[in-house]
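Colleague: I should like a close look at one part of this model, namely the sheet, together with what packs on it and the contacts between charged side chains around it. Please take me through that part in a connected account.

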Amino acid sequence: MIKKAIAVMTSGGDSPGIAAARAVVRTALSEGVSVYGINNGYQGMLDDDIVELDSRSVSDMIQRGGTFLGTARSMEFKTPEGRKKGFDNLMKHGIEGLVIIGGDGSLTGGSLLSKETGIPIVGLPGTIDNDVWGMDYTIGCDTAANTIVDAINKLRDTASAHRRIMVVEVMGRNSGWLAMMAGIAGGAEYVLVPEVKYDLDEMCHELKAMYDAGKRYSIIVIAEGAGSGVGLGKVVEEKTGIDTRVSVLGHIQRGGSPTVEDRMKASMLGEKAALAIISGATNLVFGFNEGKVVGVNLFDAVNNKKTLDPELVRLARVLA
Ligand code: F6P
């Protein structure tokens with residue numbers, strides 16, 4: 001049971017849904033527990049960039065993308081010495097438990113900190129990649145998918161006008177979840193993801209046949225982990241003889257005001273995380289699965305890889 005203080009931090013690539021940190025802060029305060037914010041992720045923990053937050057610190061945050069706490073990727077924290085230094089800084093402030101909002105890498109850092117120091121840790125899945133094991137939703141993936149679909153909608157107009165193929169490269173270094181969600185929702189003809197091999201010759205042959213039969217345009221979504229959109233666009237144009245253009249959406253996908261879904265779920269998960277850690281829980285990651293809040297073991301979450309749903313892969317092909 002935590003009596004005095006917890007801390008909250010964001011780490012790794014930011015994702016729209018800082019409502020999670022807001023909920024952690026306000027829940028803890030309403031339970032009579034102080035909250036510290038660790039600025040700039042694990043790097044801030046090492047630099048002792050740790051400040052006490054009050055209710056007003058998270059005013060005017062619910063509609064924002066990014067993270068007011070900042071985030072960074074720290075090499076030093078990857079070493080046991082670095083983690084010990086971070087832990088010592090937490091102790092200086094009397095911090096008894098930590099809520100970490102981040103993706104796979106950030107939660108792995110948290111699991112090591114927990115193992116080596118015993119400090120209670122609760123994680124929240126903050127990543128647009130939707131690739132945290134044990135849950136079907138991560139905070140920010142809905143906003144990012146909506147951003148991509150919005151771009152696809154716009155690209156359709158110009159693609160149709162010119163009878164072009166549009167290649168849209170989206171984020172997802174190791175995971176095709178975001179590409180698959182946005183590809184299906186955006187009505188893409190092909191969704192290329194790192195998890196599934198694709199036959200370029202066959203795809204180009206099909207595209208050519210569709211054009212010959214009168215199709216006006218096609219959308220190909222490619223996750224960055226499946227290859228370069230620019231490279232793909234060149235090959236597709238060469239092989240099909242159809243005018244092809246490429247849009248690399250890049251970091252636009254990570255920003256922007258969160259959707260209602262991300263705000264709601266982030267708020268619910270933030271409250272859950274704060275209450276859990278205050279009541280003495282540790283080594284849990286809270287997320288949503290099949291519409292319900294679930295708490296999965298932190299070590300299970302980081303030691304298992306979430307696989308892409310084969311049903312979605314199939315659906316994307318059927319609906320193309
Ligand atoms: O992990 C989230 C993510 O957005 C990935 O999809 C992407 O590959 C990566 O971060 C980009 O990282 P950075 O902002 O460091 O370029």
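Modeller: The model is a predicted one, and the account begins with the sheet. Seven strands form an open sheet in the order β3-β2-β1-β4-β5-β10-β11, and their pairing is mixed. The edges are held by β3 (50-53) and β11 (292-297); each has a single partner strand, so one side of each lacks a neighbour in the sheet. From one strand to the next, the twist averages 25°.

One pairing can be followed residue by residue. Strand β1 (residues 5-10) runs parallel to strand β2 (residues 34-38), and five bridges connect the two. Within this pairing, Met-9 has Ile-38 of β2 as its bridge partner. Helix α1 (residues 19-30) packs on the sheet and touches β1, β2, β3, β4 (97-102) and β5 (121-125). The direction of helix α1 makes about 175° with that of β1.

A further helix, α4 (residues 104-117), lies across β4, β5 and β10 (284-289). Its direction relative to β4 is about 160°.

Helix α4 also takes part in a salt bridge. Arg-83 pairs with Glu-116, with 2.8 Å between the closest N and O atoms. Arg-83 belongs to helix α3 and Glu-116 to helix α4, so that this pair links distant parts of the chain, 33 residues apart. The two partners can also be placed by accessibility. Arg-83 has a relative accessibility of 5% and therefore counts as buried, because buried means under 20%. Glu-116, at 42%, is partly exposed.

Helix α3 (residues 80-92) contributes to another such contact, which reaches towards the edge strand β3. The side chains of Lys-92 and Asp-48 meet in a salt bridge of 3.3 Å, N to O. Lys-92 lies in helix α3, whereas Asp-48 lies in the loop between α2 (41-46) and β3, so the pair ties together parts that are 44 residues apart in sequence. Lys-92 counts as exposed because its relative accessibility is 59%, and Asp-48 counts as partly exposed at 27%.

The search of the whole structure finds 15 salt bridges, and one of the others joins two further helices. Arg-317 and Glu-206 form a salt bridge whose closest N and O atoms are 3.3 Å apart. This pair, too, links distant parts of the chain: Arg-317 is in helix α11 (residues 310-319) and Glu-206 in helix α7 (residues 200-212), 111 residues apart. Arg-317 is partly exposed, with a relative accessible area of 42%, and Glu-206 is partly exposed at 25%. In addition, Arg-164, Asp-243 and Arg-245 are joined into one network by salt bridges that share partners.

At the other edge strand, β11, the account turns from charged to nonpolar side chains. Val-260, Met-264, Met-268 and Val-293 make a nonpolar surface patch of about 360 Å². Val-293 falls within β11 (292-297), one of the two edge strands. Helix α9 (residues 260-278) supplies the largest share of the patch, three residues. Met-268 is found in this helix α9, and with a relative accessibility of 39% Met-268 counts as partly exposed.

Note on methods
Residues numbered from 1 in each chain as written. Predicted model: local features only at pLDDT ≥ 70, side-chain atom pairs only at ≥ 80, totals over all residues. Heavy atoms only, no water. Pairing = 2+ DSSP bridges. Helix = DSSP H or I, 4+ residues; strand = E, 2+ residues; numbered from the N terminus. Axes fitted to C-alpha atoms, helices over the stretch in contact; angles between N-to-C directions. Contact = heavy atoms within 4.5 Å. Patch = residues over 30% accessible without salt bridge, like charges linked within 9 Å, V, L, I, M, F, W, Y side chains within 5 Å. Areas by Shrake-Rupley, 256 points an atom, 1.4 Å probe, with all protein chains shown as cover. Salt bridge = Lys/Arg side-chain N within 4 Å of Asp/Glu carboxyl O. Buried < 20%, exposed > 50% of the residue type's maximum accessible area, 1.4 Å probe, protein only.
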